[in-house]
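Me: Could you take a close look at one spot in this model for me, and put it in the context of the whole chain? Keep it casual, but I'd like the numbers.

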Amino acid sequence: MLTAKFDQLVKQLRVLPGVGQKSAQRMALHLLSKKRPQGMALAQALDEAMREIVECQRCHSFSDESICPLCQDPRRDNTQLCVVETAADVMAIEQTAGYRGLYFVLGGHLSPIDGISADDLNIDQLVWRGK
């Protein structure tokens, strides 16, 4: 423990997937000792992203606008709909540049053991979209 503020920084870095206590401490020390301007830029980008990136009203991916660029693109094939678990899946498929249809993000997967039911996902909107 260096200071309470350092501990808070480490605690917040640990919310990232795959980041444990030691990794978070290493990141915090690196930012504080060698990369303060980059740390400030990271903080600003994170602040802006948390305030300004929203869920697309049509597909539930992430966007700067209420309707994402993919849903707005008239060149997309609106007769094809790829249903995926997360926005990360949309990004992975888009990187292949092989799919030209639209997407629908469920927002997770069914997991009764974790208490995640169909009501916790975007299934109702998917059914409505198909009508």
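Reply: Sure, and let's begin with charges, keeping in mind that this is a predicted model. The protein carries 15 positive and 16 negative side chains, and the centres of those two sets sit 11 Å apart.

The spot I'd zoom in on is Ala-49. Ala-49 belongs to helix H3, which covers residues 36-52. Is Ala-49 buried, exposed or partly exposed? Its relative accessible area is 23%, and buried would need a value under 20%, so Ala-49 counts as partly exposed. As for what lies across from it in space, take Asp-64: Ala-49 and Asp-64 are 15 residues apart along the chain, and 8.7 Å separates their C-alpha atoms.

Now zoom out to the fold around that helix. The protein has six helices and four strands, and reading from the N terminus the order is α-α-α-β-β-α-β-α-β-α.

On overall dimensions, the radius of gyration of the protein is 19 Å, whereas a compact globule of 131 residues would come out near 14 Å. Along the principal axes, the C-alpha atoms fill a box of roughly 60 × 40 × 25 Å.

Burial and surface come next. Of the 131 residues, 24% are buried; Ala-49, being partly exposed, is not one of them. The protein exposes about 9700 Å², with carbon and sulfur atoms supplying 58% of that area.

Last, the contacts: taking those between residues at least 6 apart in sequence, 28% join residues at least 24 apart.

Key:
Residues are numbered from 1 along each chain as its sequence is written. This is a predicted model: local features need pLDDT of at least 70, side-chain atom pairs count only at pLDDT 80 or more; totals for chains, interfaces and linings use all residues. Side-chain values use heavy atoms; hydrogens and water are left out. Helices (H or I, at least four residues) and strands (E, at least two) are DSSP runs, numbered from the N terminus. The radius of gyration is taken over C-alpha atoms; the globule rule is 2.2 Å times the number of residues to the power 0.38. Buried means under 20% relative accessible area, exposed over 50%, partly exposed in between (1.4 Å probe, protein chains only). Contact means heavy atoms within 4.5 Å. Accessible areas come from the Shrake-Rupley method with a 1.4 Å probe; for residues, only the protein chains shown count as cover. Lys and Arg count as positive and Asp and Glu as negative; His and the chain ends are not counted. The place of a charge is taken as NZ of Lys, CZ of Arg, CG of Asp or CD of Glu.
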